[in-house]
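Here's a quick tour of the empty spaces in this protein, plus a few words on one of its chains. Have the model open while you read.

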Amino acid sequence: MKKLSVLVALALVFTFFAPVLPAARAEETITVFNWYDYIDDSVIEQFEEETGIKVKYANFTTVEEMYVKMTSGGGKYDIIIPSDYMIERLIKEDMLQELDYDLIPNAEGLIEWMKDPSYDPEGAHSVPYMWGTVGILYNTEYVDEEITSWQSIFDPKYQKDVFMLKSYRDTIGITLKMLGYPINTHDEEALNAAKEALIQQKKDGIVQGYLVDEVKDKMIGGEAAMAVMWSGDAMYAIMENDSLEYVIPEEGSNVWLDAMCIPKTCENVEAAHAFIDFMCRPDIAYKNMQYIYYSTPIAEVVEMLDEEELEYEALNPSEEAVERCEFFQDTSDFIDIYNKIWNEITA
Amino acid sequence: MKRSYFSGPYALWMVLFTICPMIFVLYYAFTNGDGGFSVQSILECLEPTTIRVFLRSVKLAFICTVICLILGYPAAQILASKDFSKYKLLFVLFILPMWMNFLLRTYATMSLLERRGIINTILERFGFEPLTLIGTEGAVVFGMVYNYLPFMILPIHTALKKMDTRVIEAAQDLGANPLRVFTRVIFPLSIPGVISGITMVFMPAVTTFAISRLLGSGNFMLLGDMIETQFLEMHDWSFGSALSMFMMVIIVLSIGLLNRIDPSKGERSGNW
């Protein structure tokens, strides 16, 4: 009899306090749409625990795929994390909400230059998530000079020793930079000059191949002296092979940024803002950055990096280097010209 | 009459997965990005860069098919001969690679041929100069032959296996030497299998894209690569579809041509 009354009392206590427990807010759910393997899962768990908001998580592998899924009505997303030029396009097409920075106090901690990116003035629609650059990854065992310029990957001295990216935007973009043109130029003369340089590079027998995913493993295995590479992949390769170094050439390059946005279709705006704010909190951003190992947009996280990490240009590019770099702009209006040029180079 | 009901599911299957996709491809090939009628993409197929890619695809696929035939015919003969019929294991060994995923095999081939790959490591161990294997046309052809050889052996093997041995004996009794028996009796009778093998090797070889990327390091763009690029990178579905149409026309033409030299119309052992 005594046991029973204890149980009843316990049950009463639970029902009484239940509304106060976080579980009660569990109906609140947001759907986050992010790149594949681009978040530390424990960060999501911690967010759910602390706020009681449930997170549904969906992946994409290219921003174009994200765009198709988003526009074809395949799913409703509360947070999307696309790249700079796609954000520019989504703003143009009026698909993103303006953010309420009162709900994102932690965004104050962003690195200063990222608060006003060219693709989204004053960050009205997006808050940076991760960022990086395009540069040259080179193997000091094979290269005895100091690499500072894009000219090096066009030097016939390196026979079959350079991997180029099978990505028309990056490859043509860096060649434009080498020749001193803006990376987003519409000038056909400039584009033709870049095309000629890339065709000559191929004719001279410098290029070992045009690849994307395979390059990092090949560079780790010492298959080539140099490769054009995204800083994130470069960092991965450097961790595996000590002889590899990454440099952002002096002519400048492309800088890219993935940022969190809230689509107009979002129904849970407050929870979405809470998620963005959470991801900007320095301890969370640090944890997430350590998992992904890309450059962080949060100033305080940079200060938390150790000495060795700070020295990697792939992880912590210097301000001068970034100043020489440009964001890509939406190319959909002159893709035909790019298509022709790219076919002529690779065909 | 009732039996025609059985064909219902197949007809539905064909409409859904053969006819509908073909209509989509046709639609995209003849429209531009805004959905208006346009032959722009079709004309682009005739530009020098496209023609260059096309000729390269046909050349490599042709070399691959010839090598497969030269290697595959004797292999099929050996497998079909009396001495080996007992050894089922040998037959299994020939088709065993097909049980493994094709992409996995190609990745493995890549690590064999790389600059610091297995072959070059062995060569260097014995004091030889390392060879440039990866990223060459030879590597692409090697990968194709390795992957598609079983498709040549199997149909020829089937054709040889069901050949009436009395015909061969009769030829021998009538005084034909072994070479003559082969050229006048065995080979002509196996032609349906050979044609089947040729189509089954040539078609995937001419449309491949993974092999040329992994073994050719993206240096030799083939039609398959070009189509892939149009869809995944350039988002030019129209040009991609036009290229696919172009390729289909080539394949239909070459099959038609092959069937003309097939002497045994009506009772073929192959698929075509």
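## A greasy hole in chain A

Start with the lining of the second largest cavity: its residues split into nine nonpolar, two polar and no charged. Keep in mind that this is a predicted model. The space itself comes to about 70 Å³.

Who lines the second largest cavity? You'll find Pro128(A), Tyr129(A) and Met130(A) there, along with Met260(A), Met279(A), Cys280(A), Ala285(A), Asn288(A), Thr296(A), Pro297(A) and Ile298(A). Three elements of chain A put in two or more residues, namely β4 (126-139), α9 (269-280) and α10 (282-292). The top contributor is β4(A), with three residues.

## The largest cavity

In total, the structure has five cavities of 30 Å³ or more, and the largest of them holds about 90 Å³ of space. Both chains help to line the largest cavity: chain A supplies Lys166(A), Tyr210(A), Trp342(A) and Thr346(A), while chain B supplies Ser212(B), Arg213(B), Gly218(B), Phe220(B), Met221(B) and Asp225(B). Look for α14 (335-346) of chain A and α11 (210-215) of chain B, the elements that each give two or more residues to this lining.

What's the mix of classes around the largest cavity? Four of its lining residues are nonpolar, three are polar and three are charged.

## An open pocket on chain B

Now for a space that is open. The second largest pocket has a volume of about 420 Å³. Its lining counts 13 residues, and those closest to the centre are Ala80(B), Ser81(B), Leu160(B), Thr165(B) and Ile168(B). Helices α3 (48-80), α4 (82-85), α8 (137-161) and α9 (165-173) of chain B each give two or more residues to the lining.

Among the contributors, α9(B) has the largest share, with four residues. By class, the pocket lining has five nonpolar, five polar and three charged residues.

## Chain A as a whole

Zooming out, chain A is built with 14 helices and nine strands. Its C-alpha trace spans about 90 × 45 × 35 Å along the principal axes.

How much of chain A is buried? The figure is 54% of its 347 residues. As for contacts in chain A with a separation of 6 or more, 75% of them join residues 24 or more positions apart. On the outside, the accessible surface of chain A is about 15500 Å², and carbon and sulfur atoms account for 52% of that.

Key. Residues are numbered from 1 along each chain as its sequence is written. Chains are lettered from A and ligands numbered from 1 in the order in which they are written. This is a predicted model: local features need pLDDT of at least 70, side-chain atom pairs count only at pLDDT 80 or more; totals for chains, interfaces and linings use all residues. Side-chain values use heavy atoms; hydrogens and water are left out. On a 1 Å grid over the protein atoms alone, a cavity is a set of points where a 1.4 Å probe fits but cannot get out, and a pocket is an open set with protein on both sides within 12 Å along at least five of seven lines; lining residues have an atom within 4 Å of a point. Grid points are joined across faces, edges and corners, and a volume is the space filled by probe spheres set on the points. Ala, Val, Leu, Ile, Met, Phe, Trp, Tyr, Cys and Pro count as nonpolar, Asp, Glu, Lys and Arg as charged, and the others, Gly among them, as polar. Buried means under 20% relative accessible area, exposed over 50%, partly exposed in between (1.4 Å probe, protein chains only). Contact means heavy atoms within 4.5 Å. Accessible areas come from the Shrake-Rupley method with a 1.4 Å probe; for residues, only the protein chains shown count as cover.
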